[in-house]
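Please study the sequence and the three-dimensional structure shown below. The exercises after them are to be worked with both in view.

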Amino acid sequence: MDYTAKLDAALSRLHEEGRYRTFIDIERTNGQFPHAVWKRPDGVEQPITVWCGNDYLGMGQHPVVLEAMHEALDATGAGSGGTRNISGTTVYHKRLEAELADLHGKEAALLFTSAYIANDATLSTLPKLFPGLIIYSDSLNHASMIEGIRRNGGDKRIFRHNDLNHLREMMAADDPDVPKMIAFESIYSMDGDFGPIAEICDIADEFGALTYLDEVHAVGMYGPRGGGVAERDWLMHRIDIINGTLAKAFGVMGGYIAASDKMCDAIRSYAPGFIFTTSLPPAVAAGAAASVAHLKRDQDLREQHQTQAKILKLRLKGLGMPIIDHGTHIVPVIVGDPVHTKQLSDMLLDGYGIYVQPINFPTVPRGTERLRFTPSPVHGPNEMDHLVNAMDELWSHCALNRAEMSA
């Protein structure tokens with residue numbers, strides 16, 4: 001077997017399809033985000049503005065967060081020193097879990113190293129706790145949810161995205177006496193549309209099912225205290241397990257679930273993804289706790305964030321660009337071809353110092369390739385003008401190229 005040839009073939013397929021992904025080296029400067037420095041392949045440093053980051057509110061550079069992290073680092077050192085079960089639980093972890101439980105109105109919360117791991121570990125463990133469990137999963141759920149459900153060994157049903165009738169039909173066809181759970185998201189990150197939380201909760205009540213809600217792209221940004229869309233809509237009490245991240249709006253790192261004390265205790269006791277993983281560094285936990293606590297009080301920052309998204313959507317729509325707008329903070333511009341999406345991304349970076357990563361298959365379906373902009377309160381009017389003007393200049397250029405290639 002020529003293993004190198006197999007690797008070459010696999011990578012060549014990505015290049016040929018125009019969806020080979022490249023990293024760019026970015027150096028963020030504290031206090032300057034979204035401005036950063038791109039270290040080009042030729043060694044030259046170029047100032048850029050980041051328009052695709054998940055630090056949605058700029059909390060990764062907020063003084064409250066940095067101060068808490070510095071204090072914890074000075075007090076404890078770098079790492080946690082072990083798993084949560086073996087020397088890796090500190091006062092900082094417990095404080096953060098208490099903040100998160102309070103944020104979501106739950107009895108308890110459980111920390112993981114990422115929201116991906118939180119989804120994967122929890123969803124893959126649930127059939128051990130509820131033998132015979134059937135999980136009904138929205139077709140556009142995140143890869144971490146899909147992976148956790150795929151390898152949990154239990155039964156699963158995939159319902160069409162946000163299709164309540166399809167969900168109800170599937171549930172009605174199954175044995176009414178087996179345990180059931182509906183897994184879905186509050187905001188789907190690629191199109192930026194909302195999940196019908198209230199209606200899904202009604203169906204769950206009808207069939208005696210648990211509910212599992214991923215609020216990764218909503219925590220910190222929606223609701224009067226940043227508890228997510230379920231908090232905004234007064235529905236948190238109807239959700240059995242809420243998944244969230246500390247790496248987006250909260251600006252740090254890590255993931256979690258919030259649920260009843262017994263549910264968190266059971267996942268803590270049975271999930272290998274929790275049991276055998278070194279815990280978050282105390283300084284990270286301290287920074288996240290400070291961020292969560294701050295955002296419970298900073299509604300103004302959330303309002304600024306929503307305003308920036310509305311302004312960018314309005315201006316790009318005014319240029320006639322194909323924007324998907326479901327009323328969330330996510331701004332997808334559909335290009336529809338992987339080669340042209342990459343070309344547009346490269347031209348924005350090289351010519352205008354604007355960094356937005358192309359989004360291609362398998363993250364989105366073929367033919368819906370896009371640039372996904374994430375405006376934030378720290379993107380000022382000058383950055384907004386520069387982006388809109390650059391898109392205006394380049395969009396027609398790329399349209400001409402597409403027309404020439406298809407002729």
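The following exercises treat sheets, strands, helices and single residues in turn, each with a worked solution.

The model is predicted, and for that reason local features need pLDDT of at least 70 and side-chain atom pairs count only at pLDDT 80 or more, whereas totals for chains, interfaces and linings use all residues. Residues are numbered from 1 along each chain as its sequence is written, and side-chain values use heavy atoms, with hydrogens and water left out.

**Exercise 1. The sheet of 4 strands**

Task: State in which order the 4 strands of the open sheet stand, and describe how strand 2 pairs with its partners.

Solution.

Step 1. Helices (H or I, at least four residues) and strands (E, at least two) are DSSP runs, numbered from the N terminus. Two strands pair if DSSP finds at least two bridges between them.

Step 2. The order is 1-2-3-14, with mixed pairing. Strand 1 and strand 14 (354-355) are the edge strands, each pairing on one side only.

Step 3. Strand 1 (residues 25-28) pairs with strand 2 in the antiparallel sense over 4 bridges. I26 has W38 as its bridge partner in strand 2. A hairpin joins strand 1 and strand 2, with 6 residues between them, and G31 in the turn has a positive phi of about 90°.

Step 4. Strand 2 and strand 3 (residues 45-50) are also paired in the antiparallel sense, over 5 bridges. Here W38 stands opposite Q46 in strand 3. The hairpin of strand 2 and strand 3 has 5 residues between the strands, and G43 takes a positive phi near 95°.

**Exercise 2. The two faces of strand 2**

Task: Determine which side chains of strand 2 (residues 35-39) are buried.

Solution.

Step 1. Buried means under 20% relative accessible area, exposed over 50%, and partly exposed in between (1.4 Å probe, protein chains only).

Step 2. The side chains of strand 2 alternate. A36 and W38 point to one face and are buried, while H35, V37 and K39 point to the other and are not.

**Exercise 3. The sheet of 7 strands**

Task: Give the order of the 7 strands in the open sheet, and explain why one side of strand 4 and of strand 6 is left without a neighbour.

Solution.

Step 1. The order is 4-12-11-10-7-5-6, again with mixed pairing.

Step 2. Strand 4 and strand 6 (155-159) are at the edges and have a single partner strand each, so one side of each is without a neighbour in the sheet.

Step 3. The twist from one strand to the next averages 20°.

Step 4. Strand 12 pairs with strand 4 in the antiparallel sense over 5 bridges, and I257 in strand 12 is the bridge partner of L110. Strand 11 and strand 12 pair in the antiparallel sense over 4 bridges, with G244 opposite Y256.

Step 5. In strand 12, 5 of the 5 residues are buried, so this strand is largely enclosed by the rest of the structure. G255, I257 and A259 point one way, Y256 and A258 the other way, and all are buried.

**Exercise 4. Helix 4 against helix 9**

Task: Describe how helix 4 (residues 115-129) and helix 9 (residues 261-270) pack.

Solution.

Step 1. Axes are lines fitted to C-alpha atoms, for helices over the stretch in contact, and angles run from 0 to 180 degrees between N-to-C directions. The angle for this pair is about 100°, and the axes are 10 Å apart.

Step 2. Angles under 35 degrees count as roughly parallel, over 145 as roughly antiparallel, 65 to 115 as roughly perpendicular and the rest as oblique. Helix 4 and helix 9 are therefore roughly perpendicular to each other.

Step 3. Contact means heavy atoms within 4.5 Å. T122, T125, L126, K128 and L129 in helix 4 meet M263, A266, I267 and Y270 in helix 9.

Step 4. The buried residues of helix 9 are M263, C264, A266 and I267. They fall within an arc of 160° seen down the axis of helix 9, so they line one face of the helix; the arc is that of the directions from the helix axis to the C-beta atoms. Among the elements covering these residues are helix 4 and strand 12.

**Exercise 5. Two single residues**

Task: Is S137 buried or exposed, and is P381 buried or exposed?

Solution.

Step 1. S137 lies in strand 5 (residues 134-138) and is buried, with a relative accessible area of 2%. Apart from neighbours within four places in sequence, S137 is in contact with I149, R157, I158, F159 and A183.

Step 2. P381 lies in helix 14 (residues 381-406) and is exposed, with a relative accessible area of 63%.
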